[in-house]
Amino acid sequence: MSGAGADPAREIGSYDRGVVGPTLLLTGGVHGNEPAGAAAAARVLEDLHERQVELRGRVVALRGNVGALAAGVRYVDRDLNRGWSAGALAATRARPPAERNAEDREQLALVDAFEEVERTATGPIVYVDLHTSSADGAPFLCLADTIDNRRLGLMTGVPIILGIEETIAGASLEWFADRGIAGLAIEGGQHADPAAVDHHVAAVWELLVGTGMVPGGAVDLAPHRARLRRAVGAAPPIVGGRGQPDSNGDMQEQRAAAGDYVNNFQGRYAILHRWRGPIACEHPVRGRWGGPPGGVAPPPEAATNLATQ
């Protein structure tokens, strides 16, 4: 991404060997009192450059809230990880420049940077937002529960907690989801704990190898995996993500019992975000979710000749 239009205060760096492939877009410091994400992204980039690691695609890393990071505060005027819905962002753009607050300006600068990444991508984009928390705790992931996001989340070795994203309106993940871009947020640990940087670094390397951007033999994942295993303990890969939507499509979370882990994809994102495009059927019925019609599932069928269909 580096070039004439790059903002050196916002751009942590990038790594690109000129091979067509995915873009891994990292943001750190969307909250200014969470510098670990930016530090982790810088460490990964430094390692990539130093060892000239073979890479398919590119890695781009950006600081989120530059002003708040410099001041060491969560935000100056408002939470930068809110207001990313299409309507909220349109309202921010429409606001006269003289009336925009600090985070309005940060957000619009980030959107410009995101759109530049999107414009110059040579393959799919994966967005990863690196966070920490004020309380001491194990790392975990937050994501919209789509098949792609769940697949990427499981690559990291960090437990996925489903349902959190449904309580956070207008997070930056929403901007990417609206564009069909896979994305997840990683909570690496406590703000001031150096281990939070290590956890982020480990998860990013897992993604680079898991997506095939970096060859498996190019990096020793064993110490990263061991570090994450120590941090997450016996936590299952996925927690939550169960519930029965009502007729309005609202979902009440049903917590799974300890030891009751099942990777049961429920399509929560599709359930909770109504389709806004054209609908071909004459009398669409919304809010009807459940098992197969009649309660009887069709018999399993062998998946054969898929490449020819």
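Which side chains meet in a salt bridge at 3.4 Å, N to O? The side chains of Arg74 and Asp79 do. The views below start from the whole chain and return to this pair. The model is predicted.

**Figure 1. Overview of the protein chain, with 9 helices and 10 strands.** The chain has 309 residues, and 42% of them count as buried. Its accessible surface comes to about 15,700 Å². Carbon and sulfur atoms hold 54% of that surface. Among contacts with a separation of 6 or more, 75% link residues 24 or more positions apart.

**Figure 2. The largest nonpolar core, with 44 residues.** Leu24, Val128, Trp205 and Leu208 touch the most other members. Eight entries make up the list of elements that give two or more residues to this core: strands E1 (11-16), E2 (23-28), E3 (58-63), E4 (125-133) and E7 (182-190), with helices H1 (36-51), H5 (147-156) and H7 (194-210). Helix H7 gives the most, with 10 residues.

**Figure 3. Close-up of Leu24 and its contacts.** Leu24 is one of the core residues that touch the most other members. Leaving aside residues up to four places away in sequence, Leu24 touches Arg58, Val59 and Val60. It also touches Val126 and Val128. Val204, Leu208 and Met213 complete the list. A second core, separate from the one around Leu24, has 21 residues. Its members include Leu62, Leu108, Leu110 and Val117.

**Figure 4. Asn149, a buried polar side chain in view.** Asn149 sits in helix H5. Its relative accessibility is 5%, so it counts as buried. A polar atom of the Asn149 side chain lies 2.9 Å from the backbone oxygen of Ala144. Beyond residues up to four places away in sequence, Asn149 touches Leu143 and Ala144. Ala182, Gly183 and Leu184 are also in contact with Asn149.

**Figure 5. The salt bridge between Asp104 and Arg95.** The structure holds 15 salt bridges. In this one, the N to O distance is 2.7 Å. How accessible are the partners? Asp104 has 2% relative accessibility, so it counts as buried. Arg95 has 27%, so it counts as partly exposed.

**Figure 6. The salt bridge between Arg119 and Glu116.** The two side chains meet at 2.8 Å, N to O. Why are Arg119 and Glu116 separated by about one helical turn? Because they are 3 residues apart in helix H4 (residues 102-120). Arg119 counts as exposed, at 60% relative accessibility. Glu116 counts as partly exposed, at 29%.

**Figure 7. The salt-bridge network of Glu34, Arg74, Asp79 and Arg82.** Shared partners join these four residues into one network. The opening pair belongs here: the side chains of Arg74 and Asp79 meet at 3.4 Å, N to O. Arg74 is partly exposed, with a relative accessibility of 31%. Asp79 is buried, because its relative accessible area is 13% and the cut-off for buried is under 20%.

How values were computed. Residues are numbered from 1 along each chain as its sequence is written. This is a predicted model: local features need pLDDT of at least 70, side-chain atom pairs count only at pLDDT 80 or more; totals for chains, interfaces and linings use all residues. Side-chain values use heavy atoms; hydrogens and water are left out. A nonpolar core is a set of buried Ala, Val, Leu, Ile, Met, Phe, Trp, Tyr and Cys residues joined through side-chain atoms within 4.5 Å. Buried means under 20% relative accessible area, exposed over 50%, partly exposed in between (1.4 Å probe, protein chains only). Helices (H or I, at least four residues) and strands (E, at least two) are DSSP runs, numbered from the N terminus. Contact means heavy atoms within 4.5 Å. A polar contact is a pair of N or O atoms within 3.5 Å; within protein, one must be able to donate a hydrogen and the other to accept it, and residues adjacent in sequence count only if both atoms are side-chain atoms. Accessible areas come from the Shrake-Rupley method with a 1.4 Å probe; for residues, only the protein chains shown count as cover.
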